[in-house]
Amino acid sequence: MMLPADKGAFTLRRATGTLAEGADKLAADLGAASVEAVLAQANRKAVRKGAPAAFGTMRPRPHEWYAFDEKDNDTPDWYPQGLTCSEDAGSAGVPAFVASWYFKPLPPVAERGIRVTFLSPQTLRYQHALLVEARPDGSYTPINIHAGGIAWYGEHLYVADTKRGLRVFDIGKILDLRTVQSDLGDGARVGRSEGRFHAFGYRYVIPQTDFWRVVTPGAHFSFVAVDRSTSPHTLISGEYVGEAPTGRVARWALDLTDGVPVDAYTMGQAKIQGAVSHGGRWYLSQTVDARSNGRLVVESGGKVSVRAFPVGPEDLTVSGKRLWSVTEFRNRRVIFGVDL
């Protein structure tokens, strides 16, 4: 059962530093693309109801799901973690899901940071973009974090940074390397070099524009979500804890204002990979291991129920009166939706 917790432990402080300046400089040198434009020319195709192994013993299976293509499903280097959608954003102009991935390379491959994927549920086309940190001189580097959760609200994309807080990216700054001299065929380089732009072969980069850092060390940010059923709308983040049911979750009024949460709870469940509140209920995505089915824990009015869930469920979002999540393990990587 979820019980009230000290919300002060999740107090955030804005720490923009030179991030906005660096992002503006990079945006001045590169042309920007809208989400609609990115999806219109997306270079990969998801498979509707592909990778069924993701659901293990789950019955019934979800109403709808989209598997990443064979290459992305099988790669041992990139792992999906976070999920958000255009309904979270409220004004995206086109239906879309956005998933975050972290790079988990096998030696001797070097670190490549984090990326996001824009996916159209209408066309099934999707496109990756690299998230970067830009400096005031216009140079940029990858960001080496877990990116366990992601939330899209307005023009802001919030990405969980486990021990530090929430990194913020501007959806208005999806920057297209094809507008300048770049080498998209070079998958080993990143940044500016000899007048050319590189991003490990990605066409798009999105620079970080802001940072909300946790004030007191100790609170972890393992996932992120948006609840548009509250007034005002709330931003949610919380903690993955391995074996003990001590993980906490907190909610902030958007747009964060003073950084103090409106409330916080102990979730009473271990291994929570995602949490979202909606319509007075809490939904918790619980994992077991890479071979076993997870669980969806639902709490309403102090009563807890458990539903079947796929293998390796992660972050949560709400779209079209359904609860959506993404799974992380190789050859079982899907975005799926179940009834609320």
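## The second largest pocket

In this predicted model, the lining of the second largest pocket comprises 7 nonpolar, 1 polar and 4 charged residues. The space in this pocket amounts to about 210 Å³. Its lining includes a run of residues made up of Met58, Arg59, Pro60, Arg61, Pro62 and His63. The other lining residues are Leu296, Arg307, Ala308, Phe309, Val338 and Asp339.

Two strands, β26 (303–311) and β29 (334–339), each contribute at least two residues to the lining of the second largest pocket. The largest share, 3 residues, is supplied by β26.

## The largest pocket

The largest pocket has a volume of about 420 Å³. It is lined by 18 residues, and those closest to its centre are Arg44, Lys71, Arg115, His128 and Tyr202. Sorted by class, the lining of the largest pocket contains 4 nonpolar, 6 polar and 8 charged residues.

Both a helix and a strand take part in this lining: α3 (70–74) and β10 (125–134) each provide at least two residues. In general terms, empty space of this kind is revealed by rolling a probe the size of a water molecule over the atoms.

## Strand β19 and its partner

Is strand β19 enclosed or open to its surroundings? Strand β19 spans residues 223–227, and 5 of its 5 residues are buried, so the strand is largely enclosed by the rest of the structure. For a residue to count as buried, its relative accessible area must be under 20%.

In a regular strand, the side chains alternate between the two faces of the sheet. In β19, Phe223, Ala225 and Asp227 point one way, while Val224 and Val226 point the other way. The residues of both groups are buried.

Strand β19 is joined by 5 bridges to strand β20 (residues 234–238), and the two run antiparallel. Within this pairing, Val226 stands opposite Leu235 of β20. The two strands form a hairpin, with 6 residues between them.

## Thr209 in strand β18

Thr209 belongs to strand β18, which covers residues 204–214. Is Thr209 buried or exposed? The relative accessible area of Thr209 is 13%, and the residue is therefore classed as buried, since the cut-off for a buried residue is under 20%.

Which residues are in contact with Thr209, once its neighbours within four places in sequence are left aside? The contacts of Thr209 are Thr16, Leu19, Ala20, Ala23, Val168, Phe169, Asp170 and Lys173.

Definitions and conventions:
Residues numbered from 1 in each chain as written. Predicted model: local features only at pLDDT ≥ 70, side-chain atom pairs only at ≥ 80, totals over all residues. Heavy atoms only, no water. 1 Å grid on protein atoms, 1.4 Å probe; cavity = no way out; pocket = protein on both sides within 12 Å on 5 of 7 lines; lining within 4 Å. Points joined across faces, edges and corners; volume = space filled by probe spheres on them. Helix = DSSP H or I, 4+ residues; strand = E, 2+ residues; numbered from the N terminus. Nonpolar A, V, L, I, M, F, W, Y, C, P; charged D, E, K, R; others polar. Buried < 20%, exposed > 50% of the residue type's maximum accessible area, 1.4 Å probe, protein only. Pairing = 2+ DSSP bridges. Contact = heavy atoms within 4.5 Å.
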